[in-house]
Amino acid sequence: MRWGSRSWYALLVAVMAAVTLDVLLDGPLRHLDWIVHEWSDAHIRGRRLTAVDAFAALGQRGYLARVIVPLAVIAAIRGRSLRYPLVSVLIVGVLSGLQLLLKAAIPRTFPISGTDVLFTRGDAYPSGHTLNGFVLIWIILELVVVAFPRSAAALSPRRRRDIAVATGVITAVALTVVDKHWLTDCLFSLALGAVLLQILIILDPFAPWRGRARPGNGSAEPTRPASRDPAR
């Protein structure tokens, strides 16, 4: 199954639907949530907790914003365009709004409460930090390439995608292990995070536009650099 293919999209949508249905119907995955919760509560303590919690910070929007802001400023200066900070703000804003909508649809208590209650209080479902691990890390990598063009050789489009996927997965695992989210919270966000990442890759909002050599009629046509990888 190829990344970005129709069957790939269908599988991820099916995962999101199946996990949500399981949570609503108190299915086997929701029972597995409790097994993972009790194991984490009993075994992840002290230094282990501190170590794993550091990986969970990969999805912390506040920390990531402190990296995005200066990179966006440097990219704006380098590219002589406000598009980079504006696009960054837009993506972060849309992602935050999407998280609020999803969490409001199925309110759920966090594992730390010791109860798993739906439609009463809490905003555990799904994991917003996992989505940040996919999307905000990708923003950072895109801005790095614009701000520091020499890094493009080491950070190809495919590699930037792979790193964003890896950080999303690591964030989800860490959040589950440190008992900050139920397993199903993160499973849903793993599927959605991959879809959101692919949408951004297709839109390619940070790609520089350059004027082509003027054709015979004297008009200039904007075009993207040929070095962009269309297969990513």
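**Helix α6, its partner α7 and the nonpolar cores**

In this predicted model, the contact between helices α6 and α7 is formed on the α6 side by H129, T130, G133, F134, I137, W138, L141, E142 and V145, which meet R160, I163, A164, V165, T167, G168, V169, T171, A172 and L175 of α7. Sorted by class, the residues of this contact comprise eleven nonpolar, six polar and two charged ones.

Two packed helices are described by the angle between their axes and the distance between the axes. For α6, which spans residues 128-147, and α7, which spans residues 157-177, that angle is about 150° and the axes lie 8 Å apart. Because angles over 145 degrees count as roughly antiparallel, α6 is roughly antiparallel to α7. The crossing of the two helices is right-handed.

From this pair the view can be widened to the nonpolar cores. The largest of them has 44 residues, and V135, W138, I139, L143 and F206 are those with the most contacts inside it. Two or more residues each come from α1 (6-25), α4 (61-79), α5 (83-105), α6 and α8 (183-203), with α6 giving the most, at 14 residues.

W138 links the two parts of this account, since it belongs both to the α6 residues that meet α7 and to the residues with the most contacts inside the largest core. Once its neighbours within four places in sequence are left aside, W138 is in contact with R160, A164, L197, L200, I201, P205 and F206. Apart from the largest core there is a second, separate core of five residues, among them A56, A172, A174 and C186; of these, A172 is also one of the α7 residues that α6 meets.

Conventions: Residues are numbered from 1 along each chain as its sequence is written. This is a predicted model: local features need pLDDT of at least 70, side-chain atom pairs count only at pLDDT 80 or more; totals for chains, interfaces and linings use all residues. Side-chain values use heavy atoms; hydrogens and water are left out. Axes are lines fitted to C-alpha atoms, for helices over the stretch in contact, and angles run from 0 to 180 degrees between N-to-C directions. Helices (H or I, at least four residues) and strands (E, at least two) are DSSP runs, numbered from the N terminus. Angles under 35 degrees count as roughly parallel, over 145 as roughly antiparallel, 65 to 115 as roughly perpendicular and the rest as oblique. A crossing is left-handed if the near helix is turned anticlockwise from the far one by less than a right angle, and right-handed if clockwise. Contact means heavy atoms within 4.5 Å. Ala, Val, Leu, Ile, Met, Phe, Trp, Tyr, Cys and Pro count as nonpolar, Asp, Glu, Lys and Arg as charged, and the others, Gly among them, as polar. A nonpolar core is a set of buried Ala, Val, Leu, Ile, Met, Phe, Trp, Tyr and Cys residues joined through side-chain atoms within 4.5 Å. Buried means under 20% relative accessible area, exposed over 50%, partly exposed in between (1.4 Å probe, protein chains only).
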